[in-house]
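I sat down with this one to look up how the chain is laid out. My entries are below, in the order I made them.

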Amino acid sequence: MATIDQIRLKIQERDYYLSSHAEDEMVDDYLERFNYCYGLRATGGHMICEFCEGDTVQKKVTRQHWLEEKLYIVENVNAEVCSQCGERYFHATTLDAIDRLLKTEHPVKQRIEVEVVSF
Ligand SMILES: [Zn+2]
């Protein structure tokens with residue numbers, strides 16, 4: 001199968017990772033999250049970092065998650081984290097699952113106030 005077809009298949013099956021770096025840029029640009037597909041070089045969970053070529057390890061992390069113009073802090077999220085530069089990669093299905101959780105009735109552990117400032 002040609003590389004482009006393999007990539008298409010992975011996107012259709014939502015079998016890809018998204019780096020947190022790529023996402024930050026998307027929020028800035030108001031781009032749809034899944035139009036980007038960084039981190040396609042996944043091999044059974046373990047990945048090579050797109051930015052420094054370091055190896056990733058699976059960790060539970062706390063994630064800042066935007067959904068419908070609201071910001072959520074989500075704890076205990078599975079991520080592949082670069083052991084060299086700390087870049088975090090989230091699997092598309094993990095992000096989908098968080099979206100689904102937040103769109104339905106869910107327990108709220110804590111509420112915090114966030115300042116928005118211009119620099
Ligand atoms: Zn890295």
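These are my notes on the overall layout, the sheet and one hairpin.

Entry 1, the model. I am working from a predicted model, so I read everything below as computed.

Entry 2, the chain. I looked up the secondary structure and got three helices and four strands for the protein chain. Reading from the N terminus, I wrote the order down as α-β-α-β-β-β-α.

Entry 3, burial and contacts. I checked how much of the chain is buried: 15% of the 119 residues count as such. Then I turned to contacts between residues at least 6 apart in sequence, and 54% of these join residues at least 24 apart.

Entry 4, the sheet. In what order do the four strands sit in the sheet? I traced β1-β4-β3-β2, an open sheet with antiparallel pairing. Why is one side of β1 and of β2 left without a neighbour in the sheet? Both β1 (17-19) and β2 (56-67) stand at the edges with a single partner strand each, so one side of each has no neighbour there. I also noted the twist, which averages 45° from one strand to the next.

Entry 5, β2 with β3. I followed β2 against β3 (residues 70-82) and found antiparallel pairing over eleven bridges. For the register, I wrote down that V57 stands opposite V81 in β3, and that Q58 faces E80 in β3.

Entry 6, the turn. I looked at how β2 runs into β3: the two form a hairpin, with two residues between them. In that turn I marked E68, which has a positive phi of about 45°.

Methods. Residues numbered from 1 in each chain as written. Predicted model: local features only at pLDDT ≥ 70, side-chain atom pairs only at ≥ 80, totals over all residues. Buried ≥ 20, exposed ≤ 12 C-beta atoms within 10 Å, placed from the backbone. Contact = placed C-beta atoms within 7 Å. Pairing = 2+ DSSP bridges. Axes fitted to C-alpha atoms, helices over the stretch in contact; angles between N-to-C directions.
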